[in-house]
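Visitor: Could you show me this one and walk me through it?
Guide: Sure, here it comes.

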Amino acid sequence: MAIADGTPNCDSLNYETLRANAPWQIPVGEGAHTVSVCLKDRAGNTTQVSDSIILDTIAPTGGLTVVSGAVISSTTVQVRGQIDAGAATSEMKIGKGFVDCDAPAGYEAFSTNIRSINGLVEGINQVSICLRDQALNTRIYVETVTVDLTPPQGFILPNEDGVTYYATARTID
């Protein structure tokens, strides 16, 4: 047997005794690599089998868009996942808080459809997305959403000269 990168001419290779397992170093570089094994019988007949191996060491890139806005008056927020052009993302996991990208449960096929995340509480909340590719590389993106369920409060103060002033509580970001 002889092992080679690409699709070699089997007649030009140096052969060794057939083994059940043989380590092979894939060339450096992301993307598809072809590894071929040439087999030769005692009569000198050869055959070649090959397989394409995708080397992927880079986590997918993208993000999370909060469709509802950064400040909402509901305990449910609308979000949408996104991936960068050329990113090899195949799965996603979206949830409130910091999603555990290493836990296998909860992943689904990647989609840009709008998703609802329920159960947010009054105040500052985090929502996140984990992107995962076929090599199980992951990347997390986190966005902050503020839930404001309290209506504004104010009062009217009439003045002696008939002018009315209005005061209200304000929050400034």
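Visitor: Which residue in β2 is the bridge partner of A2?
Guide: First, a heads-up: this is a predicted model, where local features need pLDDT of at least 70, side-chain atom pairs count only at pLDDT 80 or more, and totals for chains, interfaces and linings use all residues. Residues are numbered from 1 along each chain as its sequence is written, and side-chain values use heavy atoms, leaving out hydrogens and water. Strands here are DSSP runs of E, at least two residues long, numbered from the N terminus, and two of them pair if DSSP finds at least two bridges between them. β1 and β2 (residues 31–40) run antiparallel and are joined by four bridges; in β2, A2 has as its bridge partner C38.

Visitor: Which strands stand at the edges of the open sheet β1-β2-β3?
Guide: That sheet has three strands with antiparallel pairing. Two of them have a single partner strand each, so one side of each lacks a neighbour in the sheet: β1 (2–5) and β3 (46–55).

Visitor: Is N137 buried or exposed?
Guide: N137 sits in the loop between β10 (123–133) and β11 (138–147). Leaving aside residues up to four places away in sequence, N137 touches several residues, including D56, I58, P60 and L131; a contact means heavy atoms within 4.5 Å. Buried means under 20% relative accessible area, exposed over 50%, and partly exposed in between (1.4 Å probe, protein chains only). N137 has 17%, so N137 is buried.

Visitor: How many strands are there in the protein chain?
Guide: From the N terminus on, the elements are β after β. The count of helices is zero, and the count of strands is 13.
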